[in-house]
Amino acid sequence: MDARKVNIGLSLGADICWPICYESLLAALTRDLHYDGRRVEVHCERVTIEPFNLRQPVKYDVVIDRLTHWYSTSREWIKKAIVLNDLYVYNNPWSLQSNEKHTSYCAMMRLGLPIPETFMLPPKSYDVTDDLEATLRQYARLFSLPEIGDKIGYPAFMKPYHGGGWKGVTKIDDAEALQRAYDASGTEVMNLQAAVLPYERFVRCVGLGPQTRKVNYDPGAPLHDRYRMDRDFLTPADAKVLEDTTLTINAFFGWDFNSCEALLRDGIWHPIDFANACPDSQVTSLHYHFPWLIKANLRWSLFVAATDKKMRKTLDWDPFYAVADRDLSLPDRLEAYAAIAHERFETERFRDFCRTHLGHLDELAYEFFGSPTMRDAVHQKVAALFPPHEVEEFTELFFSRVQKWREEEGRHGDQDGF
Ligand SMILES: Nc1ncnc2c1ncn2[C@@H]1O[C@H](COP(=O)(O)OP(=O)(O)OP(=O)(O)O)[C@@H](O)[C@H]1O
Ligand SMILES: [Mg+2]
């Protein structure tokens, strides 16, 4: 029988390191891939930007997209390709476009997750538009900022309602600081959120399909040290809460690839930032955890492409709401949401696919991440980010952390068991 050809597209912006690793490993991994009695020939290429006819076909089976959140031509091409050509993309572009960080807070409050108290504030100032004055004069209520500050309590965090890479995030300790931050916020619409401080732990849980990786995170450290390299720092119960929380959020919003930041205080994990559907994928921040990401990405994209997994074009929140309306404890509730997530991600079928068809990934990855190609990928990324006199030192640092991963984890399957 003829081989079945599948095409994977990488829709990229400034990414350097992870595509090099993904492409190199993909070629080795799929040299002899069979599915359903047929050889599967996998091609991978980088998606280019050009004019397109809305009716033109799409050659990809799956697109791994990193551009949609800010580059509209690619976003509109992707939306056309889903609607007209049945493309599978991670992540759902409509959801990415319309569900801001603010909406993600609302949704997870509705599902009963312990999101800190949060207010939304109208903007301090406006770009003038035709109907603005009439609207504000009639309907904008004067409000007392200190009263809102008292309701939320101090410390609090003020941050743009749409998120955005730590831009415009301010810790607020008292009413004066609140006023200063609001005055400085300009035309941005801001959320004011109760701080979870002090916290006992800060975890960033990255989800890719049903796969998760829980990373101990230190937001106060320099960028290259924020992702800590601790292992086994969570109790199994805590790990499960974080995993279920992340899968709930990702399945709810149709995000295959997203990260969830949660803070532990008095035994409760509070998610505070979980609309990050273009998660950091660079070796310069992930270092030790970078191989996991590449492996998880390979597994999920190949599963989607080889088994022709259908993308859910609509979100369908009703099953989640039905669980929310039951009288369940938080862990039980999370487990019930996660069950919906597993159904949507087809976790069992995925696990089976990985076992049957990708068993050689661990060995290939172990070799690859110690190779000169890997070192060069690190070097290229570091050279793009660091001043020339630091390039060698930081290349060595990140490469050595990847080697540490090889020593500690590389010879075993990944902790999440795929
Ligand atoms: N409610 C909170 N309690 C405690 N710390 C908070 C809270 N909200 C934000 N922070 C702190 O501020 C940082 C940035 O806030 P947040 O993650 O919401 O914004 P962001 O713009 O999405 O940042 P990034 O893109 O880097 O994740 C957090 O990593 C955390 O250290
Ligand atoms: Mg954040």
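Student: By class, what makes up the shell around ligand 1?

Tutor: In this predicted model, that shell has 10 nonpolar, four polar and three charged residues. Phe157, Trp166, Ala195, Pro219 and Asp273 come nearest, out of 17 residues around ligand 1. Strand 7 (156-160), strand 12 (257-265) and strand 13 (268-273) are the elements that give two or more residues to the shell. Of the nearest five, Phe157, Trp166, Ala195 and Pro219 count as nonpolar and Asp273 as charged.

Student: How do you know which domains the shell around ligand 1 draws from?

Tutor: Look at who contributes: domain 2 (117-194) and domain 3 (201-410) each supply at least three residues to the shell. The chain as a whole is divided into domain 1 (4-98), domain 2 and domain 3. The C-alpha centres of domain 2 and domain 3 are 32 Å apart.

Student: On to the helices. Why is helix 1 called roughly antiparallel to helix 15?

Tutor: Start with the angle: the axes of helix 1 (residues 17-29) and helix 15 cross at roughly 160° and come within 8 Å. Angles over 145 degrees count as roughly antiparallel, so helix 1 is roughly antiparallel to helix 15. The crossing is right-handed.

Student: What makes the contact between helix 1 and helix 15?

Tutor: Helix 1 brings Cys17, Ile20, Cys21 and Ser24, and helix 15 brings Thr373, Met374, Ala377, Val378, Gln380 and Lys381. Sorted by class, that gives six nonpolar, three polar and one charged. Lys381 is the charged one, because Lys is counted in that class.

Student: Why is helix 15 called oblique to helix 16?

Tutor: Here the axes of helix 15 (residues 372-385) and helix 16 (residues 391-410) cross at roughly 135° and come within 9 Å. To be roughly antiparallel the angle has to be over 145 degrees, and roughly perpendicular stops at 115. The value falls in neither range, which means helix 15 is oblique to helix 16. Helix 15 passes helix 16 in a right-handed crossing.

Student: Which residues of helix 15 and helix 16 meet?

Tutor: From helix 15 they are Met374, Arg375, Val378, His379, Val382 and Ala383, and from helix 16 Val391, Phe394, Thr395, Phe398, Phe399 and Val402. By class, you get nine nonpolar, two polar and one charged residues. The two polar ones are His379 and Thr395, because neither His nor Thr is listed as nonpolar or charged.

Student: What makes helix 1 and helix 10 oblique to each other?

Tutor: The axes of helix 1 and helix 10 (residues 290-307) cross at roughly 50° and come within 10 Å. Roughly parallel needs an angle under 35 degrees, and roughly perpendicular begins at 65. The angle sits between those limits, so helix 1 and helix 10 are oblique. This crossing is right-handed.

Student: By class, what does the contact of helix 1 with helix 10 have?

Tutor: That contact has nine nonpolar residues, one polar and no charged ones. Trp18, Cys21, Tyr22, Leu25, Leu26 and Leu29 of helix 1 meet Leu293, Ile294, Asn297 and Leu298 of helix 10. Asn297 is the polar one, because Asn is outside the nonpolar and charged lists.

Student: Now the backbone. Which bond joins Tyr90 and Asn91?

Tutor: A cis peptide bond, with omega about 20°. Asn91 lies in the loop between strand 5 (88-90) and helix 3 (93-98). The bond from Tyr154 to Pro155 is cis too, with omega near -5°, and Pro155 belongs to the loop between helix 6 (145-152) and strand 7.

Student: What is the phi of Asp36, positive or negative?

Tutor: Positive, at about 55°, although Asp36 is not a glycine. You'll find Asp36 in the loop between strand 2 (34-35) and strand 3 (38-46).

Notes:
Residues numbered from 1 in each chain as written. Chains lettered and ligands numbered in written order. Predicted model: local features only at pLDDT ≥ 70, side-chain atom pairs only at ≥ 80, totals over all residues. Axes fitted to C-alpha atoms, helices over the stretch in contact; angles between N-to-C directions. Helix = DSSP H or I, 4+ residues; strand = E, 2+ residues; numbered from the N terminus. Left-handed = near helix turned anticlockwise from the far one by under 90°. Contact = placed C-beta atoms within 7 Å. Near = placed C-beta within 6 Å. Domains from an automatic or database assignment.
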